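Grab a viewer and work through these exercises at your own pace. Try each task before reading its solution.

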Amino acid sequence: ASVIVTLIEMSDDATVVFEREALHEDLAERFHERMHSRAASHGNYIPALQQASEVLLKDRGTQRQLFLLFLSDGAPSDHVGKECVHGCQVWEQDGDRTQQDGRP
């Protein structure tokens, strides 16, 4: 079975850098070229997860094995007022416990 790869970068929004590319030496080089990329702006999880869901749904009903690797440099930035598609705040304080760096 061949392996295909999609790269989604998250910032204020999600950007599909490439989608459904075959895993080969050229693709490895493209990853290598990105190794010096640095985080910029916010790292909003919800747009990235929604984009990943759209990409993964394209394989619904197939026999492909799907693998999602989600990398982040810290806590989500979605707490700046974003709501999920269900209308829930992504980041809330829990009573007297203050959440910092994604942890109570």
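**Exercise 1: the strand pair**

Strand 1 (residues 4-10) and strand 2 (residues 14-22) run antiparallel to each other, paired over 6 bridges. Strands here are DSSP runs of E with at least two residues, helices are runs of H or I with at least four, and both are numbered from the N terminus; two strands pair if DSSP finds at least two bridges between them. This is a predicted model, where local features need pLDDT of at least 70, side-chain atom pairs count only at pLDDT 80 or more, and totals for chains, interfaces and linings use all residues. Residues are numbered from 1 along each chain as its sequence is written, and side-chain values use heavy atoms, with hydrogens and water left out.

Task: work out what joins strand 1 to strand 2, and find the bridge partner of Leu7 in strand 2.

Solution. Step one: follow the chain out of strand 1, and a hairpin takes you through 3 residues into strand 2. Step two: look across from Leu7, and you land on Phe18 as its bridge partner. Step three: put the pair in the whole chain, which reads β-β-α-α along the sequence.

**Exercise 2: helix 2**

Task: list the buried residues of helix 2 and say what they pack against.

Solution. Step one: check the geometry. Helix 2 has 13 residues and reaches 18 Å from its first C-alpha to its last, close to the expected 18 Å (1.5 Å times one less than the number of residues). Step two: pick out the buried ones (under 20% relative accessible area with a 1.4 Å probe, protein chains only; exposed is over 50%, partly exposed in between). They are Ile46, Pro47, Ala48, Ala52 and Val55. Step three: see where these residues go; they pack against strand 1 and strand 2.

**Exercise 3: two residues after helix 2**

Task: decide whether Asp59 and Leu68 are buried or partly exposed, then find their contacts.

Solution. Step one: place Asp59 in the segment after helix 2 (45-57). Its relative accessible area is 7%, so Asp59 counts as buried. Step two: leave aside neighbours within four places in sequence, and Asp59 is in contact (heavy atoms within 4.5 Å) with Arg20, Arg64 and Leu66. Step three: turn to Leu68, also in the segment after helix 2. Leu68 has 48% relative accessibility, so it is partly exposed. Step four: with the same neighbours left aside, Leu68 touches Ala52 and Leu56. Step five: compare Leu68 with Val5; they sit 63 residues apart in sequence and 9.7 Å apart in space, C-alpha to C-alpha.
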